[in-house]
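Hi,

Here is the structure I promised to pass on. Have a look at it first, and then read on for my notes on what turned up.

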Amino acid sequence: MTVRLREALHEAADEVPGYLVYERALATARRTRRRTAAATAAVLVALAAMVWSVPVGQPGGQPGGMEPGSGSGALPDQIWKPPIGALRVTDPFPMGSAALLFTGMRTMGSDEDGTVGAVGAEADRYRVLHVGYIKSAGHVVLLSPDGTRLAYPPEGDGTAPRVDIVDLTDGSVQQIPAVAAGSVSTQPLGWSPDGRGLVVIDSVRVDAERSSYRNVLSLVEPDTGTTVHLASAPDTSSIVPGYAVAFAPDGQKLALQVDDTLTITDVAGTPRQTFRLPPDEILAGKGAWSPDSRAVTVAKRRGDAWTLATIDPATGAPLGDLDVPAVSGVAAIRLLGWGPGGAALVVAYQPTPEAARTTTKIEERILYPNVRTVRLLSLAPGAAAPITRMTAPIGVSAVDVADGLVRWGGTRVAEPPFVRLGPRFWFWLVVAVALGAAVLGGRWYVRRREVSRR
Amino acid sequence: MGEAGEFNGEFHQFVVQRSRALSRTAFLLTGDHQLAEDLLQAAFARTYRHWRRIRGDQPEAYVRRVMHHQHISWWRRRRVTERLTAAPPERPGDDPSIAATLRVTVAAALQQLTPRQRAVVVLRYLDDLTEAQVAEVLGCSVGTVKRHGHDALRRLRAIAPKLVDAPRERSVR
């Protein structure tokens, strides 16, 4: 029944000429290819712009819990490990001031991970610094009192030891060569309250054969180059970074602990008083001086509990335990400073199960493989128990907080990263895609030229 | 001759050899020479972009597939202004050529079908494809092809009965 339709269609089609569209079709195809390439490039550019304008994995914005009137940031109530591909502190997009630094095993992947994480003071902007082998925040990597700089000893071969100071506001690095003659290694021990001075410890060879060394403590002013000798001690002496130096709030005096000896000295290097501390007592940390400079705080270990007590810096006489809650079940505590209402802010080092049973010396108890995680605790006068101010993931074994934030005492609610991928990851992804597009574009261009020649 | 020259030569040869047949299909799909040229040009352009992949695998079938899908796409964009009418809007009258008269009649009748119906008619009765082949070209099931074919014939009988054989009368047992 469709014979007639078939015939009609063929008869009608026979009258249709063959359309000469070859050249136009080629032109259309080439134009389409150009537009596709242009659109792809535009998408890549837009993607790159989006990546740089919206730091993925690092939520910005104002901190939710910051109390009004501070204007100088606040302490996050939680930290996370840095996103994969987080920006570095020296990258072109500086973070400004940091609230804290943290370090630990597997911070960025490997066990002995020498990555320092920095968290912004105003928001959860994460930056990282690779320092070679693992170096603990607050002990070897130190945040300046205003949170704008960090000091650390870079890896070296011992021929030119130095301390690097990274400015977090612009990413620049200031190199401070070792100040002691014959130094084979140097590292920072503490910032002065105004951020101008830095106490450093050098390991100095004593004889040409390098058979023995001495520890030399000095106060240096990086901007002026001024150096003051503070103390010397045999290399067998125990100087525990993070506990060995505490500046008085006025910056004119400091307490130094070498072995069990506590020395009060002025910034000119003149020792004023020297005391011996009982066993299981140690200078409490960089915040050991009371806000009025009338007392120096020591951390006392009683079994698995730690308490804070004070001594008179003029006489060394005990002034008694502070009326703050003890911290139990931890490997150690370290006093960062004093917040509103006289509350002490301490780092609590929670031991691994194995370390809790075996380690005794403080330098071993806070060693990164022996620390499961850390918490920041507020020990308020008269309180029954510590108040947790900040938590960290398993593996974070050390933390340092800017002194300004410790005094301010503000806490903000931290926002977890939206995704665990940072700007560097996206940047390199875009670069890889762009390179792939360039290769494809190049092949297309070569093919097109060959076609044109024909 | 380089790879690109060979590539271009193959495509040129294909266009030269198959332009006539594909032009006829394009015209019956669109019913208009200008639209048919544009349709064929677009189909060839797309074929050229993918020539490296399809040149060894029935490129003509690919061109037909592109033409039919492109035509349906165009129809969807224009359908606001196009309306199907009960009778052909264009009737042969002044054309002195019988063949031209037939061409206009066929084109006008096909324009009264939906693009899918038109595609099925052209593929089945001009290109002589089987229903399965039509289904493959249009990317639909054989059942859909049957339904579109049935609807198309019924409509053509209504608007241009001379183009279609008279239906057989059912035998009465």
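Let me start with a spot that caught my eye: the lining of the second largest cavity has eight nonpolar residues, with no polar and no charged ones. Bear in mind throughout that this is a predicted model.

Which residues line that cavity? From chain A they are A:Leu5, A:Ala8 and A:Leu9, and from chain B they are B:Val106, B:Ala109, B:Leu110, B:Leu156 and B:Leu163. Two elements each give two or more residues to this lining, namely H1 of chain A and helix H5 (98-110) of chain B. The space inside comes to about 30 Å³, and the structure holds two cavities of 30 Å³ or more.

Now for the contact between the chains. Chain A puts in 32 residues and chain B puts in 42 residues. About 3800 Å² is buried between chain A and chain B, and carbon and sulfur atoms account for 63% of that area.

On the polar side, there are 14 residue pairs in polar contact between chain A and chain B, counting pairs with both residues at pLDDT 80 or more. What builds the side of chain A that touches chain B? Helix H1 (3-14), helix H2 (22-53) and helix H6 (423-453) of chain A each give two or more residues to it. H1(A) supplies the largest share, 11 residues. By class, this side of chain A splits into 16 nonpolar, five polar and 11 charged residues.

As for salt bridges, four are found across the interface of chain A and chain B. One to pull up on your screen joins the side chains of A:Arg24 and B:Asp38, at 3.4 Å from N to O.

Shout if you have any questions.

Cheers

How values were computed
Residues are numbered from 1 along each chain as its sequence is written. Chains are lettered from A and ligands numbered from 1 in the order in which they are written. This is a predicted model: local features need pLDDT of at least 70, side-chain atom pairs count only at pLDDT 80 or more; totals for chains, interfaces and linings use all residues. Side-chain values use heavy atoms; hydrogens and water are left out. Contact means heavy atoms within 4.5 Å. Buried area is the accessible area (1.4 Å probe) that two parts lose on being put together, summed over both. A polar contact is a pair of N or O atoms within 3.5 Å; within protein, one must be able to donate a hydrogen and the other to accept it, and residues adjacent in sequence count only if both atoms are side-chain atoms. Helices (H or I, at least four residues) and strands (E, at least two) are DSSP runs, numbered from the N terminus. Ala, Val, Leu, Ile, Met, Phe, Trp, Tyr, Cys and Pro count as nonpolar, Asp, Glu, Lys and Arg as charged, and the others, Gly among them, as polar. On a 1 Å grid over the protein atoms alone, a cavity is a set of points where a 1.4 Å probe fits but cannot get out, and a pocket is an open set with protein on both sides within 12 Å along at least five of seven lines; lining residues have an atom within 4 Å of a point. Grid points are joined across faces, edges and corners, and a volume is the space filled by probe spheres set on the points.
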